[in-house]
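Here are my notes on the model you asked me to look over, set out as numbered points. Please keep the structure open beside the text and find each residue as you come to it.

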Amino acid sequence: MDVPAVPLSLAPDDHPDTPFLNAMAIAERQHGVISGHQARCAGLSHSDLRGLKRNGTLGHPHTGVYSVRSLVDRSDTDGFLRTSVMAAQLALGPRSFAGAQTAAHLWGMQGLPRWDGHTVHMVVPGPGTKRHRHRITLHTWEIGTGEITALDGSLRLTTPGRSLRDTFLEVDRETAVCLMDSALNQALVRAEDLDVLALANRHRKGCVRTYPWWFLADGRAESPLETRVRLVCTDAGFAPTDLQHRFVDDAGRLIAVADLWWEDLRLIGEADGLGPHSRPEALARDRTRQNALQLHYPGVRIVRFTWQDLARPAYITSVLARAAGRGC
C-alpha cells in the first residue's frame with residue numbers, strides 16, 4: 001500500500017511538463033524516490049514511467065517504487081541510506097519503518113560497521129520470523145506506537161532507545177557498548193533510561209547474554225576507539241579512574257583533556273584514531289599540549305593506543321602492567 005501523493009502544482013495544469021515536475025517535487029521531499037501510485041497521481045502514466053526508465057531518468061529499486069537518478073548520490077553514504085530506507089518504506093507500505101542497525105545508523109550512533117550500501121533493516125509488526133526481501137532484512141517485532149518516530153519529516157524509524165534494544169541482540173559486546181556510549185554522548189538516551197531498556201528486553205532471544213552489557217556504558221567516551229580501549233583495559237583489571245579528565249595550569253587554565261586517566265598510575269591514555277589527529281596542525285597541537293603537561297605535571301606519563309592495537313589486546317594490557325610495575 002503506497003503513501004498518498006502530496007498534491008503540488010508547480011506549473012499550469014495544461015503544461016506538458018506539469019506531471020513530471022509534480023513527480024519530481026514529491027521525490028525531492030522523499031530523498032529522491034517516489035511510488036508508482038504517487039507518480040500516477042502526479043499525472044504520469046504507466047507509459048510515461050516506462051519511458052523514463054528506458055531513458056535512464058528513473059531507477060526501479062523495488063516493485064512499485066522509482067528513484068530519480070539526478071536526485072540520488074550513491075557517494076553520499078548517509079544520504080543514500082535515507083534514500084534506501086524511503087524506497088523500502090514505500091515498497092512495504094505505511095505500517096513499515098526502519099529498525100535495528102539501520103535505525104541506529106540513521107540516528108548517527110557510532111560503533112557499527114559502515115553500512116554496506118545495499119541492505120536495510122525494516123520492521124512490519126506482526127506474527128512471524130525475520131524474513132529477507134531484495135535489499136531488505138524484514139523484522140516482524142511488535143513495537144509500541146511510542147517507540148516509533150519520524151526523521152526528516154518522511155522517514156519512519158524506531159526511537160533511539162528501541163533502536164538500541166533491537167540492535168543489542170544482533171551484535172557483539174564491544175559494538176553494543178560503543179552504541180550505548182555514542183547514544184549517551186549525543187543525548188539520544190539518558191543514563192537513567194538504560195535500566196528500563198535492559199528490563200524491556202527480557203524474554204527476547206539473546207537477552208541473557210546481553211543483559212550485563214547495559215551496565216558497561218559511559219557517555220563520556222567520545223569515540224568507538226575510546227570505548228573499545230576502555231573495555232580491553234577494564235577486562236584486564238585496569239579500569240580507568242576517569243574519562244575526559246581535565247588538566248589545568250596554576251592559573252586554572254585548561255591544558256588538556258585526557259581520553260583515559262589512571263590516578264594511581266599517574267598515567268594518561270590517548271585513543272588516537274585516523275583523521276583529525278593525523279593532520280600536521282593537530283600533531284603540532286598535541287605536541288604543545290604534551291609539553292605543557294610535562295611542565296605542569298612532571299610525574300604524569302602518556303601512552304597512546306590506535307585501532308591497530310585493538311587487534312593485539314595483550315599489547316595494551318602489557319603497557320598498563322609495566323606502568324603498574326607488574327611486568328617487564
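1. I would begin at the surface of this predicted model, where Leu199, Tyr211 and Phe215 form a nonpolar patch whose accessible area comes to about 290 Å² together. Phe215 belongs to the loop between α9 (207-210) and α10 (224-235), and because its relative accessibility is 46%, between the limits of 20% for buried and 50% for exposed, Phe215 counts as partly exposed.

2. From the surface I turn to the interior. The largest nonpolar core has 44 residues, and those that touch the most other members are Val85, Leu106, Val120, Met122, Leu164 and Trp214. At least two residues of this core come from each of α4 (77-92), α5 (100-107), β5 (120-123), β7 (136-139), β9 (155-158), α6 (160-168), α7 (173-185) and α8 (193-200), and α4 gives the most, with nine residues.

3. Which residues does Trp214 touch, once residues up to four places away in sequence are not counted? The partners of Trp214 are Leu164, Arg165, Phe168, Met180, Leu194, Leu197, Ala198 and Asn201. Besides the core to which Trp214 belongs, there is a second, separate core of 19 residues, and Val232, Trp262, Phe305 and Ala323 are among them.

4. Helix α5 deserves a look of its own, because seven of its eight residues are buried and the helix is therefore largely enclosed by the rest of the structure. The buried residues in α5 are Ala100, Gln101, Thr102, Ala103, Ala104, Leu106 and Trp107. Just after this helix comes Gly108, which takes a positive phi of about 80°.

5. Helix α12 (residues 313-323) can be read in a similar manner, with Ile316, Thr317, Val319, Leu320, Ala321 and Ala323 buried. These buried residues of α12 pack against α10, β11 (254-262), β12 (267-271) and β13 (301-305). As a reminder for reading such lists, an α-helix has 3.6 residues a turn, so residues three or four places apart point the same way. After α12 comes Gly325, whose phi is positive, near 75°.

6. Is Gln244, in strand β10 (residues 242-248), buried or exposed? Gln244 counts as buried because its relative accessible area is 16%, which is under the 20% cut-off. The side chain of Gln244 makes a polar contact of 2.8 Å with the side chain of Glu226, and a polar atom of the Gln244 side chain also lies 3.4 Å from the backbone oxygen of Arg220. If neighbours within four places in sequence are left aside, Gln244 is in contact with Arg220, Glu222, Glu226, Val257, Ala258 and Asp259.

7. A search of the whole structure finds 16 salt bridges, and one of them joins the side chains of Arg82 and Asp152, with a distance of 2.8 Å from N to O. This pair links distant parts of the chain, since Arg82 is in helix α4 whereas Asp152 is in the loop between β8 (148-151) and β9, 70 residues apart. With a relative accessible area of 19%, Arg82 is buried, while Asp152, at 46%, counts as partly exposed.

8. Another salt bridge is formed by Asp235 with Arg173, whose closest N and O atoms are 2.5 Å apart. Asp235 lies in helix α10 and Arg173 in helix α7, so this pair ties together parts that are 62 residues apart in sequence. Asp235 is exposed, with a relative accessible area of 51%, whereas Arg173, at 18%, counts as buried.

9. Asp193 forms a salt bridge with Arg190, and here the closest N and O atoms are 2.9 Å apart. Salt bridges that share partners also join Glu147, Arg162, Arg165, Asp166 and Arg204 into one network, and Arg165 has already appeared in point 3 among the residues that Trp214 touches.

10. Finally, some totals for the protein. Its secondary structure comes to twelve helices and 13 strands, and buried residues make up 50% of its 328 residues. Among contacts between residues at least 6 apart in sequence, 58% join residues at least 24 apart. The protein exposes about 16,600 Å², of which carbon and sulfur atoms supply 53%.

Key. Residues numbered from 1 in each chain as written. Heavy atoms only, no water. Patch = residues over 30% accessible without salt bridge, like charges linked within 9 Å, V, L, I, M, F, W, Y side chains within 5 Å. Areas by Shrake-Rupley, 256 points an atom, 1.4 Å probe, with all protein chains shown as cover. Salt bridge = Lys/Arg side-chain N within 4 Å of Asp/Glu carboxyl O. Helix = DSSP H or I, 4+ residues; strand = E, 2+ residues; numbered from the N terminus. Buried < 20%, exposed > 50% of the residue type's maximum accessible area, 1.4 Å probe, protein only. Core = buried A, V, L, I, M, F, W, Y, C linked by side-chain atoms within 4.5 Å. Contact = heavy atoms within 4.5 Å. Polar contact = N/O pair within 3.5 Å; in protein donor to acceptor, adjacent residues only side chain to side chain.
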